[in-house]
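Open the model in your viewer and keep the selection panel at hand. The stops below are meant to be followed in order.

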Amino acid sequence: MSNRKNNNNYLWDMDMNFLQRIKELDNQEDDVQRKWLSYFKDGVANGLIDGRRADNTTNAYKQGYDFGLWLHSEIEETNE
């Protein structure tokens, strides 16, 4: 009986470790998404407002910058 109890505790510990690892991965993914969105927003702002592209940028920034330039051209066309 005690052997079975030890096995149950072992399985419980494995489950808790697994759940903790999943939670850590989820938090890391949230951080990555926040950083990506931050770079994207910086790119949109520079493309829309400044029209100047920063050096040494990430792909997220470049996509945001291109989107900002497109928004700028759409606004200009609407104002004509």
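Select Glu-80 to begin; this residue sits in the segment after helix H2 (59-79). The model is a predicted one. Glu-80 counts as exposed because its relative accessible area is 79%, and the cut-off for that class is over 50%. Now add Glu-74, Glu-76 and Glu-77 to the selection: with Glu-80 they gather in a surface patch of negative charge.

Zoom out to the whole chain. Colouring by secondary structure shows two helices and zero strands. The chain has 80 residues, and buried ones make up 14% of them. A surface representation covers about 6900 Å² of accessible area, with 52% of it belonging to carbon and sulfur atoms. Of the contacts between residues at least 6 apart in sequence, 22% join residues at least 24 apart.

Next, go to helix H1, which spans residues 2-50, and pick Asn-46. Is Asn-46 buried or exposed? Asn-46 counts as buried because its relative accessibility is 18%, and buried means under 20%. Show what surrounds it: leaving aside residues up to four places away in sequence, Asn-46 touches Gly-51, Arg-52, Ala-54, Tyr-61 and Tyr-65.

Stay on helix H1 and move to Phe-18. At 54% relative accessibility, Phe-18 counts as exposed. Extend the selection to Met-16, Leu-19, Ile-22 and Leu-25; together with Phe-18 they form a nonpolar patch on the surface, with about 470 Å² of accessible area.

The last stops are the salt bridges. How many does a search of the whole structure find? The search returns two.

For one of them, select Arg-21 and Glu-24, whose closest N and O atoms are 3.4 Å apart. Both are in helix H1, and they are separated by about one helical turn because they are three residues apart. Arg-21 is partly exposed, with a relative accessible area of 41%, and Glu-24 is also partly exposed, at 34%.

Then select Asp-31 and Arg-34, where the side chains meet in a salt bridge with an N to O distance of 2.7 Å. This pair also lies in helix H1, its members three residues apart, or about one turn of the helix. Asp-31 is partly exposed, with a relative accessible area of 40%, whereas Arg-34 counts as exposed at 52% relative accessibility.

Terms used
Residues are numbered from 1 along each chain as its sequence is written. This is a predicted model: local features need pLDDT of at least 70, side-chain atom pairs count only at pLDDT 80 or more; totals for chains, interfaces and linings use all residues. Side-chain values use heavy atoms; hydrogens and water are left out. Helices (H or I, at least four residues) and strands (E, at least two) are DSSP runs, numbered from the N terminus. Buried means under 20% relative accessible area, exposed over 50%, partly exposed in between (1.4 Å probe, protein chains only). Contact means heavy atoms within 4.5 Å. Patches are made of residues with over 30% relative accessible area and no salt bridge: like charges are joined within 9 Å, nonpolar side chains (Val, Leu, Ile, Met, Phe, Trp, Tyr) within 5 Å. Accessible areas come from the Shrake-Rupley method with a 1.4 Å probe; for residues, only the protein chains shown count as cover. A salt bridge is a side-chain nitrogen of Lys or Arg within 4 Å of a carboxyl oxygen of Asp or Glu. Lys and Arg count as positive and Asp and Glu as negative; His and the chain ends are not counted. The place of a charge is taken as NZ of Lys, CZ of Arg, CG of Asp or CD of Glu.
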